[in-house]
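Me: I would like to learn how to read a model such as this one, feature by feature. Could you give me the general idea each time, and then the case at hand?

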Amino acid sequence: MSRKTLLALGAGIAVLLLFPLFLPRFYVYLVSIILLYGLLATSLNLVLGYGGIFQFHHAVFYGVGAYGTTLMLTKTGLPAMLAFIAGPLVSAAFGLVLGIICIRLSKLYFGMLQISLGSLVWAIVYRWYSFTGGDDGIHGIPMPEMLSSPKSAYYFTLIITLVSLFIMWKVIRSPFGSVLQGIRDNPVRSEMIGINVRRHQLLALVLAGFFAGVAGSLFVVVDNTVFPDMLFWTLSLEIVIMCLLGGWFTFLGPMLGAAVIVALRTFVSTYTDYWALVLGIIMMLVIFFLPSGILGYVEEKFKRGFIEPEIEEQ
Amino acid sequence: MLEVTSISKTFDGFKAVNHANLAVEKGEIVAVIGPNGAGKTTLFNLITGIIKPDSGRVLFKNEDITGLPPYEVCRKRISRSFQIVNVFQRLTVFENVQISVLSREKKTWNLFTPSASLAIKETDDILKSVGLLKKKNRTTALLSHGDRKVLEIAMALGGNPEFLILDEPTAGMAAEETSRCIDLIKKLSQTMELTILFCEHDMEIVFGIANRIMVMVRGGTVIQGSCEEVRCNEAVQDAYLGGSDVCLM
């Protein structure tokens, strides 16, 4: 990484650290939500942009992580920190199970089966009043002392998000990450150079499930609630749009997409009930004018000057 | 080294490959020729496990590899290139070959070591041997067609094969690129002692580099023999020249 990028990153993190000192409470909450949605979108992009797997119902893992943490906190007497680890682990295990079922299908068919199975999970959560609280969800989840104020929740979210992003960044740059991108570009070729495509895809799905679960647990910390809408497919669509809008072949694109979408949703919702309509229009504009997303577009513009001239070898 | 016995594959009633036989000895260059739709690519797909045969056997070094998945076949040190360019479009030339090397070195499950620090020398060596080293940092999508076909071969070499299968290696290449590619194939056979099986439409290339030729027509083997035998075989002339008794070439 160049010095400039490091400096920019450092400055960005410093600003994020200082936010709660001068921003009103509502904005601290908003930035926390942006961070965790950004983490969620980045975890999807691990399989979508880098893996080429059409994970259309990613919200399920977010919801399972959130419910996993919540149920541990409310129904057991185990230490809170254990609950925060258990949520993502349950979510990763769930990613493995759904992955094993769906991975036999490719591309769109994978996505379709995933939407159906995911919706089934949503229906169970929505109906099972005695366990999940049904359509009411669970409110006022007790938090350990150190996470009970909005500020501490913000810092907790910030640190966990940064650590998670760093791990995913390392993974993408590892041999496994290279192979994953190879599989995205050409699964047949990948098999022919000795790669067991399905197993690699499965591990990617498990990792994506885990980090989606982390985002879900963070939502519990920030909002102290869970509700079935966290597993509803419309949220999955929003996450996909975050990736596309920010740039699904870039690492920080989904985070940027999350910032734009969450901010827009918050402000648009104060004026109109038709947020879905606005989202649809954004989706159309992205497809027509920014097919590689905002960051993807910036990267293309920036890189264009650096393509080496065609030199024929003699 | 490789022995294919009476292998068959039917797609929706169409016999793509029909009891084909093929034998390749160690160190040979064997060409498979035949008219369009004769089943050459299907035969290669059957050998490499991309599709499973309905019947027949594939033996490699006396080991039965019939129906093994492609990644297992590759681990037996059989590599192949594809007729239609089949590379990782969004990655650079270097990364394309590097993935292949990493896969051979069984490092693909490594989650935390940066790829950029691994298999650099091996990858550079391969790129150098095929003449793509100067273009290593270019995104594959920006390469010329000829270079991409060569990259195909480079990726196949990443698996450190003993046996290399090339599906129309020079298809769509300009004349100059073609001659460079032929030189490359000869070099691979001589310096790396690779056994090579390839198919090709250009008879000049076939007779120029192959030790032996197998002729396929309508999915079946017509003959496998030396260039001389094939050149004057009646059935081959039938298939190619409509029965005239002029020798091929």
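Reply: Let us begin with burial: a residue counts as buried if 20 or more other C-beta atoms lie within 10 Å of its own. In this predicted model, 48% of the 314 residues of chain A count as buried, and for chain B the figure is 44% of 249 residues.

Me: What does the secondary structure of chain A come to, and how many helices and strands has chain B?

Reply: Chain A comes to 14 helices and zero strands, so that its elements, read from the N terminus, are α throughout. Chain B, by contrast, has nine helices and ten strands.

Me: How do I read the radius of gyration of chain A against that of a compact globule?

Reply: The radius is taken over C-alpha atoms and set beside a rule that depends on the number of residues. For the 314 residues of chain A the rule gives a value near 20 Å, and the chain has 20 Å, which agrees; its C-alpha trace spans about 75 × 50 × 40 Å along the principal axes. For the 249 residues of chain B a compact globule would be near 18 Å, and chain B has 18 Å, again in agreement, with a trace that spans about 60 × 40 × 35 Å.

Me: What span should helix α3 of chain A have, and is α3(A) enclosed or open?

Reply: At 1.5 Å a residue, the 17 residues of this helix (residues 59-75) should span 24 Å, and its end C-alpha atoms are 23 Å apart, which agrees. Because 15 of the 17 residues of α3(A) are buried, the helix is largely enclosed by the rest of the structure.

Me: At what angle do helix α2 and helix α12 of chain A pack?

Reply: Helix α2 (residues 25-48) and helix α12 (residues 253-271) of chain A pack at an angle of about 135°, with their axes 8 Å apart. That angle makes α2(A) oblique to α12(A), and the crossing is right-handed. Among the residues that meet there are A:Y37 and A:G38 in α2(A), and A:G257 and A:V262 in α12(A).

Me: How many residues of chain B are in contact with chain A, and which helix of chain B gives the most?

Reply: In this model 39 residues of chain B are in contact with 27 residues of chain A. On the side of chain B that touches chain A, α2 (70-75), α3 (93-104) and α5 (145-158) each supply at least two residues, and α3(B) gives the most, with seven residues.

Notes. Residues are numbered from 1 along each chain as its sequence is written. Chains are lettered from A and ligands numbered from 1 in the order in which they are written. This is a predicted model: local features need pLDDT of at least 70, side-chain atom pairs count only at pLDDT 80 or more; totals for chains, interfaces and linings use all residues. Helices (H or I, at least four residues) and strands (E, at least two) are DSSP runs, numbered from the N terminus. The radius of gyration is taken over C-alpha atoms; the globule rule is 2.2 Å times the number of residues to the power 0.38. A residue is buried if 20 or more other C-beta atoms lie within 10 Å of its own, exposed if 12 or fewer, and partly exposed in between; C-beta atoms are placed from the backbone. The expected span of a helix is 1.5 Å times one less than its number of residues. Axes are lines fitted to C-alpha atoms, for helices over the stretch in contact, and angles run from 0 to 180 degrees between N-to-C directions. Angles under 35 degrees count as roughly parallel, over 145 as roughly antiparallel, 65 to 115 as roughly perpendicular and the rest as oblique. A crossing is left-handed if the near helix is turned anticlockwise from the far one by less than a right angle, and right-handed if clockwise. Two residues are in contact if their C-beta atoms, placed from the backbone, lie within 7 Å.
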